[in-house]
Amino acid sequence: MPRLQHLLSAACSSILIAAATLSHADITTDLGVTSEFVRDGISQTGGNAAWQAGLTATHNAGFYGGIWGSNVDHGGDDSIHSEWDLYAGANLPLWRAWSLDASVTRFTFHGDRDRKADAYNESALRLLWDNHLTLGYRAGDGYLGSEYNLHTLEAAYTFQTGSFSIELYGANHRLDGSDETTNFGSDSADDYWHFRAGAARSWNHWDYRLTVERTNLGADFDAGTIMQFSAHRYFRLW
């Protein structure tokens, strides 16, 4: 899987550099706030609100890349204050309404010097049907700076009802090993389930989302049942 990440990263980087010189690229940015920053069903702000911002460049051939960030608050002695993610990918049409999306994301964490080593890369392959059905596989190489990789199988379906969209999502996250510092609740807990149901509406360059997330993780994680609301404003720069 690391080899796949290197190949995808090199290919996406080359394509994005070339695409940036062309006139058929759109650049958008977004600014917003959410009642809680949740990643893969686990809260990153301990129940507190978070600001979020992103910048995305999209080429009409299907290539894209950008940066996205949020503040982080793990509480206690953890002084990480933000997460910034770099990503690049390509969406390739296959047959009729089917397409394949391949991407690489670099997760980085800032504030605590000791935790900067938690940065890791994640590659993803997703099969899409008509912007409704998503079947995906993700692999995080050296998850949170550990010697283990995180593998995620995910499926989602989005219903369109007028100006609203309703998403149902489920995923299994599994480490290929665990120890006393890298686990999901105990030395032998190497996987967990994550479910999400949400509704969204876009209106006048604003995007509003209400979601409910649930995992089967223990009390050591901020990952029971979480309800969050977010509002983001999108701007087209190019």
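A pocket, as the word is used here, is an open set of grid points with protein on both sides within 12 Å along at least five of seven lines, and its lining residues are those that have an atom within 4 Å of a point. In this predicted model, the second largest pocket is lined by 27 residues, and those nearest its centre are Ile-42, His-74, Arg-115, Leu-144 and Phe-221. The space in this second largest pocket comes to about 670 Å³. Sorted by class, its lining comprises eight nonpolar, ten polar and nine charged residues. Rolling a probe the size of a water molecule over the atoms is what shows where such empty space is left.

The chain around this pocket can be described by a few overall values. Its secondary structure consists of one helix and 14 strands, and of its 238 residues 42% are buried. The accessible surface of the chain is about 12,900 Å², with 58% of that area belonging to carbon and sulfur atoms. If one takes the contacts between residues at least 6 apart in sequence, 46% of them join residues at least 24 apart.

Individual residues give these totals a more concrete form, and strand E1, which spans residues 25-34, is a convenient place to begin, with Thr-28 as the example. The C-alpha atoms of Thr-28 and Tyr-234 are 6.9 Å apart in space, although 206 residues separate the two in sequence. Beyond the residues up to four places away in sequence, Thr-28 touches Gly-54, Leu-55 and Thr-56, and also Phe-235, Arg-236 and Leu-237. Thr-28 counts as partly exposed because its relative accessibility is 29%, a value that lies between the limits of 20% for buried and 50% for exposed.

Further along, strand E2 covers residues 38-39 and contains Val-38. With a relative accessibility of 13%, Val-38 falls in the buried class, for which the value must be under 20%. Its contacts, again leaving out residues up to four places away in sequence, are with Ser-43, Glu-213, Ile-226 and Gln-228. Between Val-38 and Ala-50, which stand twelve residues apart along the chain, the C-alpha separation is 9.8 Å.

Glu-213 also appears among the contacts of His-194, a list that, apart from neighbours within four places in sequence, further includes Asp-40, Gly-41, Tyr-169, Gly-170, Ala-171, His-173, Arg-214 and Thr-215. His-194 belongs to strand E12, which runs over residues 191-203, and its relative accessible area of 1% is why it is classed as buried. A polar atom of the His-194 side chain lies 3.4 Å from the backbone nitrogen of Gly-41.

The last stop is the loop between strand E8 (120-129) and strand E9 (133-141), where Asp-130 has its place, and where Asn-131 is found as well. Most residues other than glycine have a negative phi. Against that background, Asp-130 has a positive phi, near 55°, and Asn-131, likewise not a glycine, has a positive phi of about 60°. In terms of accessibility, Asp-130 is partly exposed at 39%, whereas Asn-131, with a relative accessible area of 69%, is exposed, since the exposed class takes values over 50%.

Notes
Residues are numbered from 1 along each chain as its sequence is written. This is a predicted model: local features need pLDDT of at least 70, side-chain atom pairs count only at pLDDT 80 or more; totals for chains, interfaces and linings use all residues. Side-chain values use heavy atoms; hydrogens and water are left out. On a 1 Å grid over the protein atoms alone, a cavity is a set of points where a 1.4 Å probe fits but cannot get out, and a pocket is an open set with protein on both sides within 12 Å along at least five of seven lines; lining residues have an atom within 4 Å of a point. Grid points are joined across faces, edges and corners, and a volume is the space filled by probe spheres set on the points. Ala, Val, Leu, Ile, Met, Phe, Trp, Tyr, Cys and Pro count as nonpolar, Asp, Glu, Lys and Arg as charged, and the others, Gly among them, as polar. Helices (H or I, at least four residues) and strands (E, at least two) are DSSP runs, numbered from the N terminus. Buried means under 20% relative accessible area, exposed over 50%, partly exposed in between (1.4 Å probe, protein chains only). Contact means heavy atoms within 4.5 Å. Accessible areas come from the Shrake-Rupley method with a 1.4 Å probe; for residues, only the protein chains shown count as cover. A polar contact is a pair of N or O atoms within 3.5 Å; within protein, one must be able to donate a hydrogen and the other to accept it, and residues adjacent in sequence count only if both atoms are side-chain atoms.
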